[in-house]
Amino acid sequence: MAREMMYMDAINAAIIEEMQRDENVIFYGQNMAMTERDPMLKKFGKDRVRLTPISETAEIGIGIGAAMTGLRPIVELWMSEFMLVAFAQVLNEAPRLRYMSGGQVKVPLVLKAGFGFCAGWAGQHSNCIYHSMMGIPGLKVVVPSTPADAKGLMAAAIRDDNPVVYLHSYMLTLDKGQVPDGEYVVPLGVADVKRAGTDITIVAVGWMVKKAMAAAERLAQEGISAEVVDPRSLAPLDVKTIVASVKKTGRVVLVDQAPRHSSAAAVIAGEIAEHAFEHLRAPVKMVTALDASVPYSEPLENFVVPNEEKIVQAVKAVLANQEVAA
Amino acid sequence: MPKKHQLSKDRLVWMFTQMVRIREFEEAVKRAFIEHPGVIRGHAHLGDGAEASIVGSLSTRNKTDLAMPSYRCHGYPIVLGTPLRKMMAEVFGRKDGLCKGFGGSMHLADPAHHFPGTSGIIGQSIAHATGAALTAQVKKTGQVVYCFFGDGASKQGAFFESVNMAAVWKLPIVYVLENNQYQAYTHFSLEDANAVAGDPLSKKAAAFSIPGVTVDGTDPVAVHKAVSKAADRARAGKGPSLVETKFYRLSAHGNVITVPPLPTQFPEHEAVAVYGNKKEFAQWKAKDPVVKFRSRLIKTRALTEANAKRIEDAARAEVKDAVEFALASPLPAPEEAVNYVYA
């Protein structure tokens with residue numbers, strides 16, 4: 001059975017179901033569980049649902065220590081940039097401790113944060129910072145693009161024995177989609193072909209999957225069959241599924257909300273160059289944010305961030321094998 | 001001191017034994033740079049001078065309580081029962097090392113002996129220890145976490161954030177601020193606001209409205225007393241305390257940082273090498289906690305000279321065996337390197 005659900009509700013459903021399933025799962029963060037009326041607090045009690053001060057280093061570091069000793073914490077960080085305040089814990093503590101101990105400890109931790117809020121949040125709250133995390137061995141990074149994936153990836157992240165950064169797109173918060181009832185786990189490290197096609201592959205991340213799907217629909221009306229691949233997990237990255245699609249279509253456009261050189265697209269382009277070069281009938285094309293911070297005013301913001309039109313144009317350019325400006 | 005914390009003769013001798021084992025281990029690590037050049041890679045940090053603080057603190061623990069220090073981490077697992085063979089093999093980067101050669105001196109971990117792991121980045125492990133205390137509270141295990149860190153780490157954000165949260169949540173943790181007087185190469189009087197004002201570093205506890213006390217960190221009985229009180233408070237659900245154990249690091253911060261193939265070994269202590277202060281070093285060397293505790297136990301007849309000698313000989317033999325074991329242990333197979341990335 002499935003039902004229509006909003007992306008944000010699907011995330012919460014997974015957290016509630018996993019907390020019901022495993023009493024070692026705890027959930028805490030800033031500005032939550034502030035009164036006894038809080039529904040999560042009512043359901044799970046004050047030991048397992050907690051309010052924290054604005055102390056990201058301690059929030060994440062405490063999560064690591066709790067995970068090392070038998071709990072499975074979910075840390076609500078709200079915005080991914082807040083993690084930057086405590087990046088030592090994210091990049092250089094959580095993913096290192098198991099390895100440095102020769103496999104003696106594990107750190108089953110979920111760091112949950114929204115990202116890429118393009119609604120006038122300006123330079124410091126609209127970013128995509130996953131590139132800096134996807135290259136750290138020991139760390140997993142997931143970016144759901146649909147309500148169903150939001151639920152399934154959260155369940156998988158909570159059950160995983162490694163630190164997982166769970167990044168949900170703010171721009172998809174209110175999107176609706178069919179979500180399976182009850183236990184639903186989307187395995188980490190497995191990409192999803194969101195739309196099958198034969199002429200070109202579009203690999204897109206997070207909010208950009210939605211844009212890519214809309215672009216593919218438009219292109220279909222013009223007789224162009226685009227396949228849309230959503231990696232879902234950026235680490236581990238399902239290179240196999242992406243490469244298989246590129247080998248099939250021979251052409252690829254990579255769409256990413258992040259600036260070019262800090263995008264997942266740049267990493268994926270490298271993998272395609274190494275593993276599918278001889279199958280390419282045209283150069284790889286990246287549609288990314290411009291090399292600018294995200295500006296405040298709407299027309300400025302729209303100019304910086306990729307959109308459906310830029311994807312359509314990029315696809316056409318690749319099909320025509322013509323060079324166009326990024 | 002509550003009666004249950006009175007130290008019996010046997011317990012005092014046990015404490016002396018642990019202090020001697022730590023000292024012998026650290027001296028062997030130091031000698032290895034000269035006797036077996038190249039065997040220890042990277043940076044090693046020794047706890048000689050910290051023996052009274054380590055043993056005095058851990059002598060108060062119940063058998064499932066956890067210890068979580070920084071990268072200056074050799075002393076604690078010695079007290080917790082980790083085999084010295086495995087520890088030395090790890091310091092030497094060998095296959096039979098505690099962490100199979102993946103961590104080295106800075107990253108000892110032995111969860112089976114209540115030693116979950118260590119971080120090499122100053123102050124960060126204070127948050128991890130606080131998280132372990134959260135586990136103890138949520139799972140109602142009755143455990144107390146002993147969190148050790150240096151004077152340098154007490155200036156890190158991780159310290160302030162973690163102690164605040166531990167106080168808000170009343171976590172079962174004892175923060176042992178081991179003031180060995182030098183933050184790497186910098187004397188603490190140059191970088192600590194309490195020190196600049198002439199106050200003890202334990203004054204930081206007042207910022208979190210928790211008990212804070214400074215004790216003579218060269219006296220294991222004084223440390224035992226202060227930490228007992230803090231551990232009792234933690235066990236009773238009243239939350240954290242801060243205990244500053246003030247002593248003196250007897251070796252330099254670490255071996256000299258060199259680039260291979262240049263050899264490295266322990267340099268002279270910063271007091272002499274950097275500050276030219278031979279007098280300070282000599283004054284603290286005269287308060288060597290191991291020497292002091294030995295003569296005190298002999299004077300109070302808790303220990304005879306012959307027994308002290310036996311303990312020292314046994315520790316020396318144990319450490320010698322550990323060095324021989326470590327040298328004989330093979331290096332790890334290169335392809336092992338891709339293991340343990342993910343659980």
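Contact here means heavy atoms within 4.5 Å. By that yardstick, the predicted model has 43 residues of chain A meeting 40 residues of chain B. Putting the two chains together buries about 3400 Å² between them, and 62% of that sits on carbon and sulfur atoms. On the chain A side, a trio stands out: Ile62(A), Tyr99(A) and Met100(A) together provide 20% of the area that chain A buries against chain B, more than any other three residues.

Turning to chain B itself, the fold is built from 12 helices and seven strands. Its radius of gyration is 19 Å, close to the 20 Å that the globule rule gives for 343 residues, so chain B is as compact as a globular protein of that length. Laid along its principal axes, the C-alpha trace of chain B covers about 55 × 50 × 40 Å.

What about the inside of chain B? Of its 343 residues, 57% count as buried. As for how the chain meets itself, take the contacts in chain B with a separation of 6 or more: 75% of these come from residues 24 or more positions apart.

On the outside, the accessible surface of chain B adds up to about 13800 Å², with carbon and sulfur atoms holding 57% of it. Then there is charge to consider. Chain B carries 43 positive side chains alongside 33 negative ones, and the centres of these two sets are 7 Å apart.

Methods:
Residues are numbered from 1 along each chain as its sequence is written. Chains are lettered from A and ligands numbered from 1 in the order in which they are written. This is a predicted model: local features need pLDDT of at least 70, side-chain atom pairs count only at pLDDT 80 or more; totals for chains, interfaces and linings use all residues. Side-chain values use heavy atoms; hydrogens and water are left out. Helices (H or I, at least four residues) and strands (E, at least two) are DSSP runs, numbered from the N terminus. The radius of gyration is taken over C-alpha atoms; the globule rule is 2.2 Å times the number of residues to the power 0.38. Buried means under 20% relative accessible area, exposed over 50%, partly exposed in between (1.4 Å probe, protein chains only). Accessible areas come from the Shrake-Rupley method with a 1.4 Å probe; for residues, only the protein chains shown count as cover. Lys and Arg count as positive and Asp and Glu as negative; His and the chain ends are not counted. The place of a charge is taken as NZ of Lys, CZ of Arg, CG of Asp or CD of Glu. Buried area is the accessible area (1.4 Å probe) that two parts lose on being put together, summed over both.
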